[in-house]
Amino acid sequence: MWGDGGLRYGGDYNPEQWPAEVWREDVALMRRARVNLVTVGVFAWSRLEPAPGRYTFDWLDRVLDLLHDNDIRVALATPTASPPPWFSLAHPDSLPVTADGVRLHHGSRDTYCAAAPAYRAAARRVAAALADRYAHHPGVALWHVHNEYGTTCHCAHTGRAFRRWLASRYGDLDTLNAAWATSFWSQHYTDWAQVDTPRATQYLANPGHLLDFRRFWSDTLLAAYVEQRDLLRAAAPAVPVTTNYVLGDWVPVDHARWAAEVDVVAIDHYPDASDGGAEEQTALAADLARGWARHGARRRTGHAERAAPWLLMESAPGQIHTAGRMHAKEPGRMARHSLSHVARGSRGVMFFQWRAPAGGAERFHSALVPHAGPDTRVFREAVALGAAMERLSEVAGAAVEAEVAIAWDAASGWALDHPGMPSPRLSYRDEVHAAHRALWRAGFGCDVVPPGDPLDGYRLLVLPALYLASDATAEWARRHVHRGGHLLVTWLSGVADEHARVRLGGHPGALRDVLGVRVEEFHPLAEDETLPLRAGGTGHLWAETVRLAGATAVTSYAGGVLDGLPAVTRHRFGAGTAWYLSTRPDDATYRRLLTDAARSAGAAPVCPGAPAGVEAVRRRGAGTSWLFLLNHTDRPQRVPAAGVDLLTGATIDPEVHLPAGGAAVLREAAADH
Ligand code: GAL
């Protein structure tokens with residue numbers, strides 16, 4: 001199996017870009033770096049099928065054999081994210097159309113419409129040809145379908161598929177009209193033929209229409225994945241199948257929903273903050289992946305699997321892209337990002353890409369083997385990281401500990417993107433990230449879970465901007481509190497139903513009873529506007545007129561029209577407690593509030609003595625635990641901890657000395673926890 005026997009280490013390998021002499025050097029260098037898994041063929045369609053139905057597998061045969069002879073296993077990709085020029089010329093109706101009605105042309109990658117029958121058929125054919133040839137190759141450990149599903153289209157094929165999807169979701173037009181509130185602005189549909197994709201229009205588009213288009217597109221891409229998966233599975237039942245998730249607000253993919261369809265969740269992660277935010281983004285991405293992996297495993301198997309595997313399929317070895325600028329990762333930072341993923345459950349660390357190409361659009365993207373060759377800092381760090389991954393192999397399969405859960409709901413993010421929201425400054429990802437960051441800085445272990453997932457074992461559930469709440473989602477949160485759990489809800493959660501229709505009677509409609517508040521009015525704040533809070537700190541971005549309906553005020557607004565009105569509240573409900581934040585507190589205040597909420601719920605930080613900037617994550621397996629300590633500061637740090645450091649072999653007691661930017665992974669003695 002791909003994940004057995006320790007951790008995977010490697011990345012995207014593109015031998016089709018190089019002559020065979022380079023392959024031999026590649027494999028020698030891979031062995032030096034202890035690479036044990038590479039993704040092959042991900043953009044190789046035009047080299048695998050240079051003309052319709054004519055396959056040239058000889059080079060891939062040689063590459064797979066060479067890798068296998070050197071004990072390097074392969075995640076064999078289907079190349080369907082980049083159809084060759086001949087395909088686009090032969091099937092112009094498979095080229096994607098933008099919302100403005102512009103048909104795109106061949107010239108980059110991802111230039112296809114996933115609803116176009118010719119594209120789907122060609123994708124199935126090339127995947128079947130690969131399955132046929134390599135299903136029994138001993139080096140193939142994993143199928144890697146496609147690359148980063150995430151493109152959209154507005155062509156006629158898509159329009160037809162969208163109408164079919166809507167008809168099966170709503171049954172009849174009356175139900176659709178009600179869900180989309182089409183009485184507003186004369187949008188009432190009387191014939192299915194009138195319904196199209198949300199193309200560019202004069203002014204604000206219908207929120208329900210936009211939301212359903214994202215849902216439809218997620219399902220369409222999923223169907224494209226599933227048909228490839230099924231034929232790969234049929235050819236090689238023992239080889240697991242996955243696809244690499246791309247994380248980003250533009251991606252029309254509900255990753256939680258997809259998780260049940262992949263054998264292992266795989267994510268690509270490229271932080272875009274070059275300051276300390278990169279580490280916080282890394283932690284959130286990994287926690288998301290773990291939540292999806294567990295969710296998928298539970299839906300597939302019917303029971304909870306706390307250590308469900310997931311894999312970091314791509315990350316950048318040497319660079320962080322900030323607003324188009326490639327910022328070189330400082331020495332040690334690649335390793336710390338990698339260790340953070342492993343700490344948070346990844347079964348390995350993979351990079352885009354193995355070797356930097358001489359040409360092509362991404363010629364300046366970082367690689368484990370840079371343009372300057374192996375005699376470089378980056379490659380030496382890659383070799384050291386490969387050795388570290390071997391030393392950490394015993395942690396593979398251990399569960400990550402967390403007492404706090406944060407909900408993540410793709411549809412809430414899509415709905416909050418609508419330009420008709422009361423503030424143009426809303427971002428779902430920013431709100432989840434702000435809550436996650438506050439917990440990260442306070443040192444609490446945190447899982448990110450899809451709404452509806454079991455909450456046993458979590459002391460505190462956090463719902464940041466969970467804008468859409470179905471009755472079932474509201475009941476899920478309510479039950480958690482009723483049974484004695486603690487809940488912290490932020491502004492804009494529970495405001496709308498699953499169709500993005502506002503719930504009436506005061507906000508947050510779905511959660512008023514559990515929170516014991518009723519919000520009368522929103523007060524979105526301007527970019528330079530803040531509101532002081534009586535207990536210290538400031539509110540940003542948003543404020544509300546909150547009326548107490550059973551809750552008590554924790555702090556109130558000071559000054560302005562909201563002077564004296566509650567800003568943060570607490571409410572006993574059933575056997576538990578529910579907090580409400582009607583504003584986005586500044587980072588320090590948010591951290592303090594979440595610390596208070598987590599501590600009063602009975603949660604404790606992972607490593608109470610860890611100084612600021614040292615990330616601590618604990619994993620636990622049968623009878624053993626491992627404490628990951630990552631020093632993201634530029635100063636040496638001491639952390640009270642004991643155990644054997646797997647990275648150095650040293651026995652640590654009573655404190656570990658972490659060099660600036662350094663890390664330790666301690667196998668803790670059973671008595672230490
Ligand atoms: C990923 C993609 C890779 C490469 C990389 C660059 O999103 O899967 O093929 O383009 O980005 O950062």
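**Loops, a ligand site and a small sheet**

Student: Where is Ala 181 found?

Tutor: Ala 181 is in the loop that runs between α7 (173–179) and α8 (207–235). Keep in mind that this is a predicted model.

Student: OK, and what's the phi of Ala 181?

Tutor: Ala 181 has a positive phi, about 50°, although the residue is not a glycine.

Student: Switching to the ligand. Where does the ligand sit?

Tutor: The ligand sits in the largest pocket.

Student: Which residues are around the ligand?

Tutor: Going along the chain, you have Phe 43, Arg 109, Asn 147, Glu 148, Asp 268, Tyr 270, Glu 314, Phe 352, Glu 362 and His 365.

Student: How many of the shell residues are nonpolar, polar or charged?

Tutor: The shell divides into 5 charged, 3 nonpolar and 2 polar residues.

Student: And how far is a polar side-chain atom of Glu 362 from an oxygen atom of the ligand?

Tutor: For Glu 362 that distance is 2.6 Å. Arg 109 also has a polar side-chain atom facing a ligand oxygen in the list, at 2.9 Å, and for Asn 147 the value is 2.9 Å too.

Student: How much of the ligand does the protein bury?

Tutor: The protein buries 89% of the 310 Å² that the ligand exposes when taken alone.

Student: New topic: cis peptide bonds. Which residue is joined to Pro 508 by one?

Tutor: That's His 507, and omega for the bond is about -15°. Pro 508 has its place in the loop between β16 (486–490) and α16 (512–515).

Student: What about Pro 654, which residue is on the other side of that cis bond?

Tutor: Asp 653 is joined to Pro 654 by a cis peptide bond, with omega about 5°. Pro 654 lies in the loop between β29 (651–652) and β30 (655–658).

Student: Last thing, the sheet with β18 in it. What is the strand order?

Tutor: The order is β18-β19-β24, an open sheet of 3 strands with antiparallel pairing.

Student: Why is one side of β18 and of β24 left without a neighbour in the sheet?

Tutor: β18 (530–532) and β24 (584–585) stand at the edges and each has a single partner strand, so one side of each has no neighbour in the sheet.

Student: How many bridges pair β18 with β19?

Tutor: β18 pairs with β19 (residues 538–540) over 3 bridges, in the antiparallel sense. If you want one pair to look at, Pro 532 has Thr 538 in β19 as its bridge partner.

Student: And what holds paired strands together in general?

Tutor: Strands of a sheet pair through backbone hydrogen bonds, in a parallel or antiparallel way.

Definitions and conventions
Residues numbered from 1 in each chain as written. Predicted model: local features only at pLDDT ≥ 70, side-chain atom pairs only at ≥ 80, totals over all residues. Heavy atoms only, no water. Pairing = 2+ DSSP bridges. Helix = DSSP H or I, 4+ residues; strand = E, 2+ residues; numbered from the N terminus. Near = heavy atom within 4 Å. Polar contact = N/O pair within 3.5 Å; in protein donor to acceptor, adjacent residues only side chain to side chain. Areas by Shrake-Rupley, 256 points an atom, 1.4 Å probe, with all protein chains shown as cover. 1 Å grid on protein atoms, 1.4 Å probe; cavity = no way out; pocket = protein on both sides within 12 Å on 5 of 7 lines; lining within 4 Å. Sits in = over half its atoms within 2 Å of the grid points. Nonpolar A, V, L, I, M, F, W, Y, C, P; charged D, E, K, R; others polar.
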